[in-house]
Amino acid sequence: MRFRRVIGTISVAAAALLAGGEAYPQVFGAFGVSNDSQPPVTPFDPARTPPAPDYAERSEWVSLPDMRDPADDTPTGVRAIDQRRAKVAVFFLYPTSFTSGEQWNADTRDADLNARVAGTSIRDQASVFNGCCAIYAPRYRQMTLGGYVRWSENSVRATEVAYSDVARAFRQFLVWNRGRPFILAGHSQGSRQGRLLIEREIDGRPAARQMIAAYLIGTWIERDWFRALRTTRPCARADDTGCVVAWSTYAQGRNATAQRILVARQSGFPVEVMSGPHVCINPLDWSTGSETAPARLNKGAWLHGGGALPRPIEPGLVSARCEDGALYISPPGKPFADMVIPVGNYHKVDYNVAYMNLRENAGVRAAAFLRQVRPLPAAVIRLRASQSRHASISWHLSGAVAAFAPSRPQLTLG
């Protein structure tokens with residue numbers, strides 16, 4: 001059952017690596033990691049696992065609302081809010097940046113890795129939320145890319161190490177957030193960890209009443225996953241709340257479903273699970289159908305670029321349509337086309353091809369959620385906060401009072 005549970009969390013990057021055929025050596029060249037794309041040669045060993053982060057320490061967070069960091073960056077001409085005064089927050093989990101053929105889990109004290117995370121996913125992805133939200137992004141002992149390329153019991157154990165960090169960081173986030181509504185967001189491995197967080201800490205629990213939406217982008221989310229959930233469903237329109245936004249980006253003319261099934265076959269996953277169907281919502285018009293949303297609805301793609309000053313946004317970059325979990329886009333220009341993985345996989349720019357649409361939508365969903373919420377008076381909030389070290393408060397949601405207290409995870413290693 002454990003393998004069945006994790007199948008939907010398979011890496012889209014690993015999907016590219018295992019696409020097979022003539023593209024196989026090209027993909028290794030694209031990643032530039034060769035042997036590091038394979039699992040470590042030694043089995044997972046808890047004794048060799050880097051020490052667990054202490055999330056009460058600011059140094060274990062790559063982004064915080066009162067800290068100057070790359071999540072504060074914006075495209076030219078776009079303004080960020082003062083995150084210290086934000087009415088809502090975002091808990092952001094960055095994608096796989098760690099590649100090692102020797103170690104299963106990253107060390108959060110690795111300065112080179114931390115700089116790479118900050119200068120890529122935090123700047124180009126987490127920043128999408130600085131128009132609406134206070135951004136919290138923890139460092140975590142993520143699993144090396146090779147653990148997804150060849151899934152095994154070692155991968156399960158390394159994933160649980162990463163999740164133990166995510167769960168503890170999330171509980172610290174709840175303390176600091178003091179009851180504000182929040183968005184859960186991630187990309188790739190971060191989205192897979194967010195999926196586990198929904199299963200174990202959010203769905204059907206008090207925290208679900210505070211979750212505006214979950215942006216689990218760059219991973220496959222099968223429709224059957226929602227059957228086991230009590231309060232979480234796929235997002236169906238732009239202002240849905242309490243729901244999941246998901247897609248994986250591919251070039252027009254590719255067959256993402258076939259690639260997904262091939263990965264399952266080559267990696268030893270149950271093929272029937274990866275056969276679908278999977279969910280997708282189109283960020284250009286926030287529809288779930290298979291009709292193409294025209295490029296004129298693309299409000300702006302964006303990558304910061306390598307210079308000191310950010311690049312401008314590029315409106316109308318691509319058209320897009322959804323099909324079986326994949327978002328098929330028309331050919332983008334540079335630098336987006338330069339980042340394609342050579343099987344037509346635009347995994348690296350899942351956020352960026354519709355950056356401004358995402359930025360606007362986070363605000364739309366937050367506003368829709370806040371219209372439904374009537375907070376308790378400030379005096380009651382202060383009283384509740386003084387009664388609990390977890391700063392539990394209550395919110396009136398749809399006429400019901402929901403206690404808000406972080407719960408403990410159910411973790412296993414091995």
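**Entry 1: the larger set of strands**

I began with what pairing requires, since two strands count as paired if DSSP finds at least two bridges between them. With that in hand, I looked through this predicted model for sheets, and I noted an open one in which 7 strands follow the order 1-3-2-4-5-7-6, with mixed pairing. At its edges I found strand 1 (61–63) and strand 6 (233–234), each of which pairs on one side only.

I then looked at one pair inside this sheet, strand 2 (residues 88–93) and strand 3 (residues 133–138), and wrote down that they pair in the parallel sense over 4 bridges. Within this pair, Val90 has Ile135 of strand 3 opposite to it.

**Entry 2: the helices on that sheet**

Next I asked which strands helix 6 touches where it packs on the sheet. I found contacts with strand 1, strand 2, strand 3 and strand 4 (182–187), and the direction of helix 6 makes about 165° with that of strand 2. For helix 7, I noted that it lies across strand 2, strand 4, strand 5 (211–217) and strand 7 (243–245), and that it runs at about 140° to strand 4.

I also looked at how the two helices meet. Two packed helices are described by the angle between their axes and the distance between the axes. For helix 6 and helix 7 (residues 189–202), I recorded an angle of about 65° and axes 10 Å apart, and the crossing in which helix 6 passes helix 7 is right-handed. On the helix 6 side the residues that meet helix 7 include Tyr163, Val166 and Phe170, while those on the helix 7 side include Gln193, Leu196 and Leu197; charged residues such as Glu160 and Arg171 in helix 6 and Arg200 and Glu201 in helix 7 are also among them.

**Entry 3: the nonpolar cores**

I turned to the interior, bearing in mind that in soluble globular proteins nonpolar side chains tend to be buried together. The largest nonpolar core that I looked up has 94 residues, and those with the most contacts inside it are Phe91, Phe129, Leu184 and Tyr215. Helix 6 (residues 153–177) gives the most to this core, with 8 residues.

I followed one of these residues further and asked which residues Tyr215 is in contact with, leaving aside its neighbours within four places in sequence. Among them I listed Phe129, Ile183, Leu184, Val245, Tyr351, Leu358 and Arg365. I also noted a second, separate core of 8 residues, which includes Phe44, Trp151, Val156 and Val161.

**Entry 4: the smaller set of strands**

I went back to the strands and found an open sheet of 3 strands in the order 8-10-9, again with mixed pairing. Strand 8 (248–251) and strand 9 stand at its edges, and because each has a single partner strand, one side of each is left without a neighbour in the sheet. Neighbouring strands here are turned by 35° against each other on average, direction ignored. Strand 8 and strand 10 (residues 326–329) run parallel and are joined by 4 bridges, and Tyr250 stands opposite Tyr328 in strand 10.

**Entry 5: the disulfides**

How many disulfides does a search of the whole structure find? I counted 3, and with bonded cysteines counted along the chain, they follow the pattern 1-2, 3-4, 5-6.

One of them joins Cys132 to Cys133, with an S to S distance of 2.4 Å, which is within the 2.5 Å cut-off for a disulfide. The torsion about its S-S bond is about -80°, so this disulfide is left-handed, and both Cys132 and Cys133 are buried.

Another is formed by Cys235 and Cys243, whose sulfur atoms are 2.1 Å apart. Here the torsion is about 90°, so the disulfide is right-handed; Cys235 and Cys243 are also buried.

For Cys280 and Cys322 I noted sulfur atoms 2.1 Å apart and a left-handed link, with -60° about the S-S bond. Cys280 lies in the loop between helix 9 (271–274) and strand 9 (320–323), and Cys322 lies in strand 9, so the pair ties together parts that are 42 residues apart in sequence. I then asked whether these two cysteines are buried or exposed. Cys280 is buried, at a relative accessible area of 7%, and Cys322 is buried as well, at 3%.

**Entry 6: the whole protein**

Last, I looked up the totals, which give 11 helices and 13 strands. Buried residues make up 60% of the 414 residues, and among contacts between residues at least 6 apart in sequence, 78% join residues at least 24 apart.

Methods. Residues numbered from 1 in each chain as written. Predicted model: local features only at pLDDT ≥ 70, side-chain atom pairs only at ≥ 80, totals over all residues. Heavy atoms only, no water. Buried < 20%, exposed > 50% of the residue type's maximum accessible area, 1.4 Å probe, protein only. Helix = DSSP H or I, 4+ residues; strand = E, 2+ residues; numbered from the N terminus. Core = buried A, V, L, I, M, F, W, Y, C linked by side-chain atoms within 4.5 Å. Contact = heavy atoms within 4.5 Å. Axes fitted to C-alpha atoms, helices over the stretch in contact; angles between N-to-C directions. Left-handed = near helix turned anticlockwise from the far one by under 90°.
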